[in-house]
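Biologist: I am new to this structure and should be grateful for a close look at a single part. Please take one helix and describe its length, its two faces and its surroundings.

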Amino acid sequence: MPLFRLSLLRSLNHHHRHLHPKTTATHLSRFLHNVALNPAFENPIQNPQTPNPPPRSYAFTSAEEAAAERRRRKRRLRIEPPIHALRASAPSAPPTRDPNAPRLPDSTSALVGHRLNLHNRVQSLIRASDLDAASLLARSSVLSYTRPTVFTCNAIIAAMYRNKRFNEAIALFHFFFKQSDLVPNVVSYNNLINTHCDRGEVDTAMQFYHDILKKAPFNPSPVTYRHLTKGLIDAGRIGEAVDLLREMLNKGHGADSLVFNNLISGFLNLGNLDKANELFDELKERCLVYDGVVNATFMEWWFNQGKDKEAMDSYKSLLDRKFKMPPPTCNTLLDVLLKHGKTKEAWALFEDMLDNHTPPNTQAVNSDTFNVMENECFKLGNFEEAIKTFKKVGTKPGSKPFAMDVAGYNNFVTRFCEHGMLSEAEKFFQELCGKSLTPDVPMYRTMIDAYLKAERVDDALRSFTKMIETGLRVVASFGTRVFSELLKNGKNMEAAALLTKMGEKDPKPDASIYDVVVRGLCYADELDKSLDILDQMMKYSIGVTPALQEFVRGAFGKVGRNEEIDRVLNENRWRFPGPQPRAFVQPSRSPSGPAEMAGRQSSGSSQMGGQQYSGPSQMAGQQPFGSFNFQGRSH
C-alpha cells in the first residue's frame, strides 16, 4: 500500500476511534473508493472546512448617524488629545546665536505689559505738549526694569523734531541708541536724518545713511530717500539728489512718487521745466498709479508763473486718469485750488470726495479735509456756510457720512473762539462731549483761554476743574497762566484746592505752578493755605527755589510766624518721618557685624522712603534737558 494511504488511514483511525467499528469501516471504505476514483478529492482531515462567519451587524442605522459619530470623535480628540500627544518631547537646545550677527530692533510684540503702559504715558505727555516731562520719563525708564521700546524712543524724538527742538532730538537719539544700548530701527534713523537735513547738516545725514547700508540689519526705506533728496535740494546739491534717486532705483526700490516730486519741485524752482517733465514722464512709465501730489506741484508752479490755463490742464489730466486718491493727496489739491482762487473747482472736488466716502472700503475724506474747507469759509466770513460744511455729507447712493474726530472738532471750536463766537464754540464743545469722544488738552486749552479772554472766570474755573478731574496733563506754561488769572480774580481757595488735587496724581505739577500759587496766596494774606501748599511741595520733594524760600520767610516773618515756616521748610522732617526702630544687636557681636549692617540698611531705606519720586515734571524743572548729563548703564 502506498505510504500516502497508510498515513491517511492512521489519521482516520485517530479521529474516528470513538465511533462504532462498523461505522468506521463504512466511512473508510467509502473514502478509499473516492480517493481511488478521484486523487484530487478534498481531504476533510487535512483541509477542514471552516464555518462561514456570521453576518456583521452595524452599530448605526444610517450613514448620517455614522457621519455624526465620526464628527463627534474628531471633536473629542481635539478637546482631549491622545496621551502620546501630551507627552513632552525631548527638550531641544536653543540655536546658538552668532555673536557677530547684528542685534535686531524690537518688534511690535514687545509693546505689551509694563512697556506698553510706559509707551502710553509718554504718548499722553506728548499729546499734552509736555515734552520735557515725556523726555525725562523715557530717559529715566532706561535705568529701570521697564526699559522703553524703540517705538517709545521714536515717539519722543519725533515730537522734539516737530517742535523744532533739533538739539534735543539728536541728543535723545544718541542717548537711547548709543549710550543705552537700545537697538534703533529704520524709523529711528529717518528721524535723525530728517533732523540733520532741517539743520542744514546734509553731510552728517548722508553719513548716517551709509551707516544703515553698512551696519544695520535692514535697508533704507522710501522715507529715508525722501528726507535725503529734500535735504540735498535745499542745500543746492540737486545733482547729488538725482544720483541718490538712481541709487534708490538700482537697489530695487520702487519708484516713490514723493522722491520724484522732490526732484521735480527742485528743477521747477530752478526754472528747468524740461528736466521736470522728463522726470514726470519717467515716473508715469514706472508707475501705473502715482501720487497726485506731483500734479499739485506742477499746478503751484504754473499758478505762480501766471499761467492758470496750464495749471488747470495739469489738474484735469490728473482727474482724467480717475485715480482713487487718498485724502492727503486730495487735501493738497484743495489747498492749491483755494490758494489761487479756484473756489468752484475746490468745492466740486470736495463734494466728489464726500460721494466716494464709503468706509470701511474707501476712506475718501478725513478731518483735515473738512478743516481746509471750513477754514476757507471762516476766512471769507461765511460762518453759516462753515457750519453747513461741518455737517456736509455725500449725495451719491452708497456714500456714508464722515464720523468727525476730536481733531476736527478742535479746529472748528478754535475758529469760533478766534472770531469771538463763544456761544457757538460752547455748542460744538458740548456736542463733542455728548458723543463717544473725549476732549483733549488743546480743546480744553482753547475753551479756557476763550473764557479768560471774555472775563468769564467761573466758566474757565469749571472747565479747568473738569480738565484736571479727567486726568489730563497741565503743562507749566498753561498752568501758571490759568492759576495767575484765577488768583488775580479772587479765586484763592479754588486755586489751592485744584493744585492740591493735581498733586495727588503722578506726574506732579511743575514747581513753577506751585511758585505762582504760593506767592498769590501770600499776597492775598492766605498764609495758612500757602503753608499747606508749601507742605505739599516738601512732601512730594518738589524743589523750593531759594527765591521762593526768601519770599515766604519774609512774608511769614512780618507776622511773627518764623518757626512755622522753618518747620515746614525743614527737609529732614520728610526724610525721617518718625522714630527709627532700633536694630537688635547681640552683645557677643562686634559693631561691624550683620546686625549693625541691618540697622544701617533700615535707616537708609527709611530715608529713601521719605524722598518720594514725584514724577517727571518736577525733575524736569530741576534738571533741564539741555544740561542733562546722559549716563547709560554699562553692558
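Modeller: Packing is judged here by contact, meaning heavy atoms within 4.5 Å. The model is predicted: local features need pLDDT of at least 70, side-chain atom pairs count only at pLDDT 80 or more, and totals for chains, interfaces and linings use all residues. Residues are numbered from 1 along each chain as its sequence is written, and side-chain values use heavy atoms, with hydrogens and water left out.

The part I have chosen is α16, which runs over residues 308–320 (helices are DSSP runs of H or I with at least four residues, numbered from the N terminus). Helix α16 has 13 residues, and the distance from its first C-alpha to its last is 18 Å. That is close to the expected 18 Å, the expected span being 1.5 Å times one less than the number of residues.

Ala-311, Met-312, Ser-314, Tyr-315 and Leu-318 are the buried residues of α16 (buried means under 20% relative accessible area and exposed over 50%, with a 1.4 Å probe and protein chains only). These residues lie on the same side of α16 because they cover an arc of only 150° around the axis, the arc being that of the directions from the helix axis to the C-beta atoms.

This buried side has three neighbours in the fold: the buried residues of α16 pack against α15 (293–304), α17 (327–339) and α18 (343–355). On the face of α16 turned away from the buried side, Lys-309 and Asp-320 are exposed. Beyond the helix, α16 is followed by Lys-322, which has a positive phi near 55°.

Methods:
Helix = DSSP H or I, 4+ residues; strand = E, 2+ residues; numbered from the N terminus.
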